[in-house]
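I am opening a notebook on a structure that is new to me, and I want to go through the ligand site, some strands and one residue in turn.

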Amino acid sequence: MQKIIVMLGAPGAGKGTQSRRLSERFGYPQISTGDILREMAKAPTALGQEIKTVQSAGKLVSDDVLAEVIRARTSQPDSKNGYILDGFPRTLSQAKLLDHLAREQGNDIILVRVVTSHDALMKRLTGRRTCATCGEIYNIYSRPPKVDAICDRDGGPTLQRSDDNAESVEARLKAYEESTAPLIAHYTKSGRMIEIDGERPVDEVFETILKVIERGRDNKKIGRTED
Ligand code: AP5
């Protein structure tokens with residue numbers, strides 16, 4: 001059966017970092033709703049400008065927009081054999097849509113939550129830099145590129161995201177608490193979600209995720225730290 005691997009976690013937990021690796025390992029596309037919305041925000045249309053305003057403020061874009069985005073993206077041919085969701089779902093309504101889509105597409109959902117303490121998140125987010133061309137993710141504190149501000153992989157410039165300033169980060173963490181924490185509680189109650197300690201080194205987190213994907217859903221709390 002095809003798989004939908006869903007990466008859940010607070011802003012900065014490491015969803016993108018791990019999704020990129022999973023995508024390379026399994027050959028599934030990484031579907032980052034944050035990246036798709038950032039692209040849409042560049043359009044000089046009313047919708048583009050609305051998304052830009054909402055993203056800069058660190059709030060959530062509406063469920064209606066997300067529904068269209070996710071339906072359109074997951075119906076592309078490259079998603080046929082499975083895909084990795086990075087940043088979706090974030091609300092109960094988005095989770096319902098995902099269950100519906102999975103049934104429609106005949107896909108099995110694997111829910112993985114990367115758990116990282118609140119204290120670590122601010123440093124991760126304000127220190128993050130991303131390659132403008134290939135999207136490789138760095139951190140000036142924990143994983144700087146070999147040459148300052150230049151991507152190790154393709155020599156592209158590494159840039160800071162406009163919503164990675166202290167004010168937007170606070171707003172994003174608040175949005176997570178208000179809108180996504182109830183979703184996490186719902187998945188925890190359902191017993192469907194696997195939790196991974198996101199404070200281990202990146203390679204270890206990745207190996208743990210691979211193990212739980214391979215072993216299936218028996219491992220609900222592998223290497224988990226407290227919130
Ligand atoms: P989005 O782009 O999804 O941002 P986010 O959820 O805030 O998550 P991030 O991308 O900031 O963090 P991440 O968990 O991917 O961490 P990363 O791997 O980069 O969304 C942006 C905005 O778009 C939202 O605010 C909202 O407006 C909108 N949006 C998106 N999806 C939406 C939806 N479904 N509904 C409504 N609105 C939506 O890692 C962070 C840093 O930590 C990096 O520097 C990395 O190098 C470092 N790091 C990672 N792992 C480790 C580790 N194990 N040890 C040490 N450092 C690590």
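Before looking up contacts with the ligand, I note that a polar contact is a pair of N or O atoms within 3.5 Å. I also keep in mind that this is a predicted model.

**Entry 1, polar contacts of the ligand.** I looked up Gly 198 and found that one of its backbone N or O atoms lies 3.4 Å from a nitrogen atom of the ligand, which I can count as a polar contact because the pair is within 3.5 Å. For Arg 200 I again found a backbone N or O atom, at 2.8 Å from a nitrogen atom of the ligand. In Thr 33 the atom belongs to the side chain, where a polar atom lies 2.8 Å from a nitrogen atom of the ligand.

**Entry 2, cover and shell.** I then asked how much of the ligand's accessible area the protein covers. On its own the ligand has 1000 Å² of accessible area, and the protein covers 95% of this. Helix 1, helix 2 (33–40), helix 6 (118–126) and strand 6 are the elements that give two or more residues to the shell around the ligand, and helix 2 gives the most, with four residues. I counted 35 residues around the ligand, of which the closest are Thr 17, Lys 59, Arg 90, Arg 128 and Arg 172. Sorted by class, the shell has 13 nonpolar, twelve polar and ten charged residues.

**Entry 3, strands.** Arg 128, which I had noted among the closest residues to the ligand, has Asn 139 in strand 6 as its bridge partner. I looked up the two strands and found that strand 5 (residues 128–131) pairs with strand 6 (residues 137–139) over three bridges in the antiparallel sense. Together strand 5 and strand 6 make a hairpin with five residues between them, and in its turn Gly 135 has a positive phi of about 85 degrees. Strand 5 is also joined to strand 7 (residues 158–159), to which it runs antiparallel, by two bridges, and here Thr 130 stands opposite Leu 159.

**Entry 4, Ser 23.** Is Ser 23 in helix 1 buried or exposed? I found a relative accessible area of 18% for Ser 23, so this residue is buried, the cut-off being under 20%. Leaving out residues up to four places away in sequence, I found that Ser 23 touches Tyr 28, Pro 29, Gln 30 and Ile 84. Helix 1, which holds Ser 23, spans residues 15–26, and I had already listed helix 1 among the elements that give two or more residues to the shell around the ligand.

Notes:
Residues numbered from 1 in each chain as written. Predicted model: local features only at pLDDT ≥ 70, side-chain atom pairs only at ≥ 80, totals over all residues. Heavy atoms only, no water. Pairing = 2+ DSSP bridges. Buried < 20%, exposed > 50% of the residue type's maximum accessible area, 1.4 Å probe, protein only. Contact = heavy atoms within 4.5 Å. Near = heavy atom within 4 Å. Polar contact = N/O pair within 3.5 Å; in protein donor to acceptor, adjacent residues only side chain to side chain. Areas by Shrake-Rupley, 256 points an atom, 1.4 Å probe, with all protein chains shown as cover. Nonpolar A, V, L, I, M, F, W, Y, C, P; charged D, E, K, R; others polar.
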